[in-house]
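Student: I have a protein model open and I'm a bit lost. Can you help me read it?

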Amino acid sequence: MKHQTIHIAGAGLAGALLAILLVQKGHTVRIYEKRPDPRKAGIEGGRSINLALAYRGLYALQQAGLDDAVMPQVVMMRGRMVHDVSGDTHFLRYGKDDSEVIWSVHRGRLNTALIEAAEKQGVSVHFNARIGDIDLHNNTLRIDYLDHSETETFERLIGADGAGSAVRRVLVQKGLLQEHLDALGHNYRELEIAPDSQGDFKLDGNSLHIWPRGGYMCIALPNTEKTFTVTLFLPAKGNPGFDQIRDPSSARAFFAEVFPDALDKIADFDYDWQHNPESALATLTLDTWHHGDRIVLIGDAAHAMVPFHGQGMNCAFEDCLALVDAIENAENWNAAISAYEAARRENAAAIQTMALENYVEMRDKVDDSRFLLERALERELAGRHPDRFIPRYSMVSFQRVPYAVALRRGRIQRGILAGLCEGISDIAQVDYALASEMIHRELEPLHA
């Protein structure tokens with residue numbers, strides 16, 4: 001297709017990366033971002049949830065030539081460090097070795113790096129510029145700035161403006177698409193662990209730390225400056241629930257009871273609790289991701305998910321690759337948008353499902369003996385049958401296996417594990433001949 005001027009709503013992670021990819025293909029790109037420029041106004045805190053960069057997200061950055069700019073900002077996480085109620089810890093590695101890890105990255109700093117890269121490559125980025133309305137008859141946008149509004153004609157508009165997408169809101173209000181928001185009923189609030197007196201991490205710096213408490217949990221992800229971003233996930237209402245913990249003193253008492261080894265490392269607990277907002281979590285689904293051949297949604301604007309598989313950003317980055325590939329290879333925009341949506345809808349639904357399942361695993365199962373037995377057997381079977389039995393987490397985080405394939409194969413594998421672990425307490429008791437028979441019968445070789 002011929003090169004066009006493409007408007008993007010949102011200069012977040014997906015919007016900035018998509019702009020770079022499109023400019024590299026010869027298109028002219030303008031981004032409109034409702035927030036102020038983070039390089040001037042500072043990075044908003046308290047709402048981020050540190051991001052987990054997995055292989056599929058890194059691959060997208062590599063395609064844009066940005067991995068060298070991003071990797072100095074990340075911290076390797078080898079696995080989960082589980083903190084039990086007695087204060088003891090045990091480590092659950094994500095993959096087989098350090099070739100299979102994920103990376104913790106600060107959302108704000110990554111976003112700034114992508115905005116910088118976009119501008120250097122010729123993207124025009126407008127800040128404090130909110131999409132106010134879309135005139136679909138005349139193909140115009142009303143852009144609301146701080147002190148005035150302007151009208152812009154657009155050829156193509158891509159909504160990359162997150163879970164609270166203004167583009168999606170306008171289309172919903174005009175009856176052009178239908179949305180369903182499934183609230184989790186659990187909210188989150190962020191705190192911070194500062195470096196120790198020597199300027200080093202207070203906890204193991206290459207782990208994602210989890211305090212699972214059955215029905216709720218606390219996690220901590222490392223940052224390059226030797227801090228940890230701590231996130232409490234708790235029911236919005238209940239006992240315990242955020243509605244029962246309304247001030248720093250009651251929050252401190254709650255932490256002293258259930259997360260004492262985390263509390264003693266959070267230096268500014270009262271300040272963080274008071275100044276960082278409580279935020280909601282939900283899963284978003286739409287009947288369609290586009291309107292005609294003029295407007296299309298990507299990332300959280302199309303399929304926001306809960307953060308418990310660390311795949312929101314990675315999934316959005318794959319959306320960017322899929323959309324650009326479709327634009328490059330289709331005969332027209334109708335065909336491109338159809339190809340993009342066909343490629344991504346089933347996969348987005350699959351990772352939304354897996355993210356919800358992972359919350360239950362993280363908060364309820366990581367210190368459960370049956371779960372640990374099945375995970376030990378999972379690693380053993382992966383070693384014995386590397387072309388067929390690949391842990392679901394590995395397919396999602398260390399490979400680019402489509403999410404829908406990972407979900408489908410993962411369910412088969414969990415059934416195999418459950419059957420083999422029934423009535424045993426050690427993997428030495430497993431019937432490996434039966435295991436091999438089941439695997440070869442139920443799982444085809446996987447070529448990632």
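Here is a chat about cysteines, cores, a helix and charged side chains.

Tutor: This is a predicted model, where local features need pLDDT of at least 70, side-chain atom pairs count only at pLDDT 80 or more, and totals for chains, interfaces and linings use all residues. Residues are numbered from 1 along each chain as its sequence is written, and side-chain values use heavy atoms, with hydrogens and water left out.

Student: How many disulfides are there?

Tutor: A disulfide is a covalent bond between the sulfur atoms of two cysteines. The cut-off is a pair of cysteine sulfur atoms within 2.5 Å, and the count here is zero. Take Cys320: the nearest cysteine sulfur belongs to Cys315, 10.0 Å away.

Student: Is Cys320 buried or exposed?

Tutor: Buried means under 20% relative accessible area, exposed over 50%, and partly exposed in between (1.4 Å probe, protein chains only). Cys320 is buried, at 0%.

Student: What touches Leu17?

Tutor: Contact means heavy atoms within 4.5 Å. Not counting residues up to four places away in sequence, Leu17 touches Ala60, Leu61, Ala64, Leu66, Phe317 and that same Cys320. A nonpolar core is a set of buried Ala, Val, Leu, Ile, Met, Phe, Trp, Tyr and Cys residues joined through side-chain atoms within 4.5 Å. The largest one has 78 residues, and Leu17 is one of those touching the most other members. A second, separate core has 24 residues, including Phe259 and Trp273.

Student: Which residues of helix α6 are buried?

Tutor: Helices (H or I, at least four residues) and strands (E, at least two) are DSSP runs, numbered from the N terminus. In α6, residues 166–173, the buried ones are Ala166, Val167, Arg168, Val170 and Leu171. Gly175 follows α6, with a positive phi near 75°.

Student: How many salt bridges does the structure have?

Tutor: A salt bridge is a side-chain nitrogen of Lys or Arg within 4 Å of a carboxyl oxygen of Asp or Glu. The whole structure has 34. In one of them, Asp98 pairs with Arg78, their closest N and O atoms 2.9 Å apart. That pair links distant parts of the chain, 20 residues apart. Asp98 is partly exposed at 37%, and Arg78 is partly exposed at 26%.

Student: Where is Arg213?

Tutor: Arg213 sits in the loop between β14 (207–212) and β15 (217–222). Arg213 is buried yet has no salt bridge, and the nearest side chain of opposite charge, Asp261, is 4.7 Å away. For charge, Lys and Arg count as positive and Asp and Glu as negative, while His and the chain ends are not counted.
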